[in-house]
Amino acid sequence: MNKVLVSDLLSQRGLDVLREDGALAVDVALNLSHEELRARIGDYHALLIRSATKVTADIIDAAEQLKVVGRAGVGVDNIDVEAATRNGILVVNTPSGNTIAAAEHTIALLLALARNLVPAGISLKNRTWAREQFIGVELYGKVFGTVGLGRIGREVARRAQAFGMQVIAHDPYVSASAAGEIGIRLVKRERLFQEADYISVHTHLNAETYHSIGEAEFALMKPTCRLINCARGGIIDEDALYRALKAEQFAGAALDVFENEPATETPLLGLDNVLAIPHLGASTTEAQEHVAVEVAQQVMNALRGRPVANAVNQPKIDPRTLDILGPYLELAERIGSFHMQTVEGQISAAKIHYSGALFQKEDVTPITVALQKGMLSPVLTNVNYVNAPFLMKQRGIPVTETKSDARANFANSIAITITTDSGDSVIEGTAFGRKDIRIVRINQLHINARPEGHILLIYNRDQPGMIGLIGTILGDRGINIADMTVGRSRLGELAVMLINVDSLVPRDVLQTLTSAKQIDLVKQVALSD
């Protein structure tokens, strides 16, 4: 009989689901100290937690029989996922359990902001009847813009449509056809901020989205626009938001999340045009029950050897496949991530072309899956080899494979083409041995770059002094160049630079590079080492 330990508060319905399974022995032990958990965990095959329990490497090392850790919630930052993977322990979470709660909460804030409900209620409780001070605006016929069209973004959009709103969205990782099927028009990011009467944020927080909504975006917004964020704190630059709202640059903002929580000292609380809520997006009775039932079902599936929908860590790959194709798995994942961080336009399709004898005799499916995992990793959390193909299909982005045994410049190589409304973008890579992977071509420009760490992709006019100019700008800000490669077609025409740097390049330095008249485009890429 499998033994299950529940160490954080779980709804009764979730516990009932576990106990209804006659093959499980369920123990509930709350508020265990680190030492107590470490002493007990060796007897259990499954561990169910929320956010309080810290599943550290030494806990995992002591878990001699553990097969699965289930997190009733989205985040897994309290679990050492790498240690779990190393020990063959599956980690699962419940990303969909709070979808409806978060979507409804977004609409609640939208309505409260439009109709001044909170200040009006406070006014009346203070014995003041001042109807004329709280005249609101309607939703019907207005333009609703969602930044991000994932699981929650789509549910919010459906509800906005029910109010008779026109819904537009910006999400380069969703095809136009997939958005069109649910009546949503995809637009460029700048256009969304210009057109929308209401803007709601539904993206993940990462290096690309951190402070991605700030002064430039506020300057584009209508004076009557209202902004809602129930996604993640840190996506909106709160200092810039404070300045814009204090100057009444646009109508108002409703915030459920903040960069630093608890956010009891933020100056935004002192503004009348800010509706601030203490991170209640998932705080409903139903959501808590949903995540409990969902994680219970996933843990039971894992213990029975059945497919698990929301595995956080990747399953083990056959040792022979890893031995032969390992470098190309890593290469495909990194090129996919590189592509998605640099490509321009709305993505509609992806293709991977395999060249060389190696790929004629080997099953390349794991490499194609690695590509999809890499493409989604910059914008989604918890993407793995199990769910990546499903997530790509859900976003309406077909992925195809082609093969040839022809050898051009390398014995074996993979070329990945991303199709957008701006055209095709191609990146080719190869492996020199087990640990030396390289990007060898970007479109028609041949290079020799290591896809690792922090990288600057720069397109510039090929002329003397460019390397010195860029090196000086970076050097003046203390940014060290680890490696640099240059590719060009002809003297004086377009050239490309890939620069490996030791740290993240600040936004103002990127803007300085972009403003140089000889430089056409600058993109920053972050890849794992």
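**A surface patch, a one-sided helix and a residue on α9**

Leu9, Val28 and Leu30 come together in a nonpolar surface patch of about 280 Å². The model here is a predicted one, so the patch, like everything below, is read from computed coordinates. Of the patch residues, Val28 can be placed in strand β2. Its relative accessible area comes to 40%, which makes Val28 partly exposed, given that the partly exposed class runs between the 20% and 50% cut-offs.

Strand β2 turns up again around helix α1. This helix spans residues 12-19, and its buried residues are Gly14, Leu15, Val17 and Leu18. These four sit on the same side of α1, because the arc they cover around the axis is only 155°. As for what lies over them, the cover includes three strands, β1 (2-6), β2 (24-28) and β3 (46-49). Helix α12, residues 285-304, is also part of that cover. So β2, the strand that holds Val28, also helps to cover the buried residues of α1.

Over to helix α9, which takes in residues 189-195 and has Gln194 among them. Gln194 has a relative accessibility of 42%, so this residue, too, counts as partly exposed. Leaving aside residues up to four places away in sequence, Gln194 touches Leu220 and Lys222. Ile447 is another matter: Gln194 and Ile447 are 253 residues apart along the chain, and 39 Å separates their C-alpha atoms.

Conventions:
Residues are numbered from 1 along each chain as its sequence is written. This is a predicted model: local features need pLDDT of at least 70, side-chain atom pairs count only at pLDDT 80 or more; totals for chains, interfaces and linings use all residues. Side-chain values use heavy atoms; hydrogens and water are left out. Buried means under 20% relative accessible area, exposed over 50%, partly exposed in between (1.4 Å probe, protein chains only). Helices (H or I, at least four residues) and strands (E, at least two) are DSSP runs, numbered from the N terminus. The arc is that of the directions from the helix axis to the C-beta atoms. Contact means heavy atoms within 4.5 Å. Patches are made of residues with over 30% relative accessible area and no salt bridge: like charges are joined within 9 Å, nonpolar side chains (Val, Leu, Ile, Met, Phe, Trp, Tyr) within 5 Å. Accessible areas come from the Shrake-Rupley method with a 1.4 Å probe; for residues, only the protein chains shown count as cover. A salt bridge is a side-chain nitrogen of Lys or Arg within 4 Å of a carboxyl oxygen of Asp or Glu.
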